[in-house]
Amino acid sequence: MSEKLVIRNIGLLLSGDLAKPILDADTIVVVDGRIAEVGKAAKVDSGGAARTVDAKGTTVAPGLIDSHVHPVFGDWTPRQSQLNWIDSFLNGGVTTMISAGEVHLPGRPKDIIGLKALAITAQRAFSNLRPAGVKVHAGAPVIEKGMVEEDFKQLAESGVKLLGEVGLGGVKQGQEAKQMVAWARKYGIQSTIHTGGPSIPGSGLIDADVVLEADADVIGHINGGHTALPLSQIRCLCESCTRAVEIVHNGNELAGLYAMRTAMELGQPERIILGTDSPAGSGVQPLGILRMISLLSSIGEVPAETVFCFATGNTARMRELDCGLVEPGRAADFVIMDRAQHTAGKDLLDSVRLGDLPGVSMVIIDGVVRCGRSRNTPPAETLAEVA
Ligand SMILES: [Zn+2]
């Protein structure tokens, strides 16, 4: 079935691409959940659409990607005993989440066969069912001592594509972590390492030396979760490797700003990706990614359109996802926003630069409208609507 969706009257189109964060286009044509065309209304083929969304001159951006979450099963988190937390994130513009380990499962198995079984089950469960339509990439085993190369091969063959945060399990030494991260990489499994002090009782310190030696693909919460490393070690991490610099909401904000500035100074903004690291001790943050964007743009003094790329195209490229950028062939995942009512900002980008949050008026995943006006953001001045 060839379903066609057209989004028209786009006032500002953010691409997710640092090379050109704002596109000179006002219309997106989607066919079968993929972006088919992006351009000016007169130039694209918008005939025969099953559905048309009128953006009413507001802003369209790629759906936001949360690079660091800890889901368990379905739309439930035991961490703060909450239901429908993923649906709440959808209302914050998030269309994709990456699991850094299903670590909050009550009674989580730590033996090798058990941790593999859990990872495979989580991977299957979240690919079979998307809570609120959000794409949750889960099934991220927390590595433990005694794992051998064959375990990683088996996990990869079973569909596991991610490692949970290295350091949350028994493997905390650089040498040991390095071997397992390398086995994971050999079989196409991406890795993230916990960075900084213990997050909750039971987790441990991972300092810059261990992070560098382990050489995981993502320097997970470089700004700590919540206790950050000394800024000198954060600088060292940015300077001494080329791995992703992940900044999270549930981290130290000063350290987050410092990590961003350091990566920018090095001329490597493409390394910066954003996450919430929630659910966590400090809760669930449905607007966490929007709040990070606003924080980094306002206090960090980086143009808002650039910071949006950190939460979309950068993460998609780093994580090898088919979403996150407004270009033909990509998944049609979008968030439609406008400046919030009564913000001092003259338009959406200006309001974010001033530290305000945008108002979300619609979220689309794979070309399907998943929510209208957000129940969580401040109200948008102008709302997109299905024509
Ligand atoms: Zn962590």
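In this predicted model, I98 has H137 of β12 as its bridge partner. That pair is a good way into the sheet around it. Strand β11 covers residues 94-99, and its parallel pairing with β12 runs over three bridges. Both strands belong to an open sheet of three strands, ordered β8-β11-β12 and paired in parallel. At the edges sit β8 (64-69) and β12 (135-137), each of which pairs on one side only. From one strand to the next, the twist averages 20 degrees.

Next, a look at two helices. Helix α6 (residues 231-240) and helix α7 (residues 253-265) have axes that come within 10 Å of each other and cross at roughly 35 degrees. The crossing is right-handed. On the α6 side, the contact is made by L231, I234, R235 and C238, while α7 brings A255, Y258, A259, T262 and A263. Sorted by class, this contact has seven nonpolar residues, one polar and one charged.

Now to a single residue, D17. You will find D17 in the loop between β2 (12-14) and β3 (22-23). Is D17 buried or exposed? D17 is buried, because 21 other C-beta atoms lie within 10 Å, and the cut-off for burial is 20 or more. Setting aside neighbours within four places in sequence, D17 is in contact with C309, G313 and L325. Y187, by comparison, is 170 residues from D17 in sequence and 29 Å from D17 in space, C-alpha to C-alpha.

Finally, the overall layout. The domain assignment of the protein chain gives two entries, listed here with their residue ranges:

| Domain | Residues | Residues in the contact |
|---|---|---|
| Domain 1 | 4-62 + 326-386 | 13 residues |
| Domain 2 | 64-286 | 13 residues |

The centres of domain 1 and domain 2, taken over C-alpha atoms, are 29 Å apart. Which elements give two or more residues to the side of domain 1 that touches domain 2? They are β18 (359-365) and β19 (368-371). By class, the residues on that side of domain 1 divide into seven nonpolar, three polar and three charged.

Note on methods. Residues numbered from 1 in each chain as written. Predicted model: local features only at pLDDT ≥ 70, side-chain atom pairs only at ≥ 80, totals over all residues. Pairing = 2+ DSSP bridges. Helix = DSSP H or I, 4+ residues; strand = E, 2+ residues; numbered from the N terminus. Axes fitted to C-alpha atoms, helices over the stretch in contact; angles between N-to-C directions. Left-handed = near helix turned anticlockwise from the far one by under 90°. Contact = placed C-beta atoms within 7 Å. Nonpolar A, V, L, I, M, F, W, Y, C, P; charged D, E, K, R; others polar. Buried ≥ 20, exposed ≤ 12 C-beta atoms within 10 Å, placed from the backbone. Domains from an automatic or database assignment.
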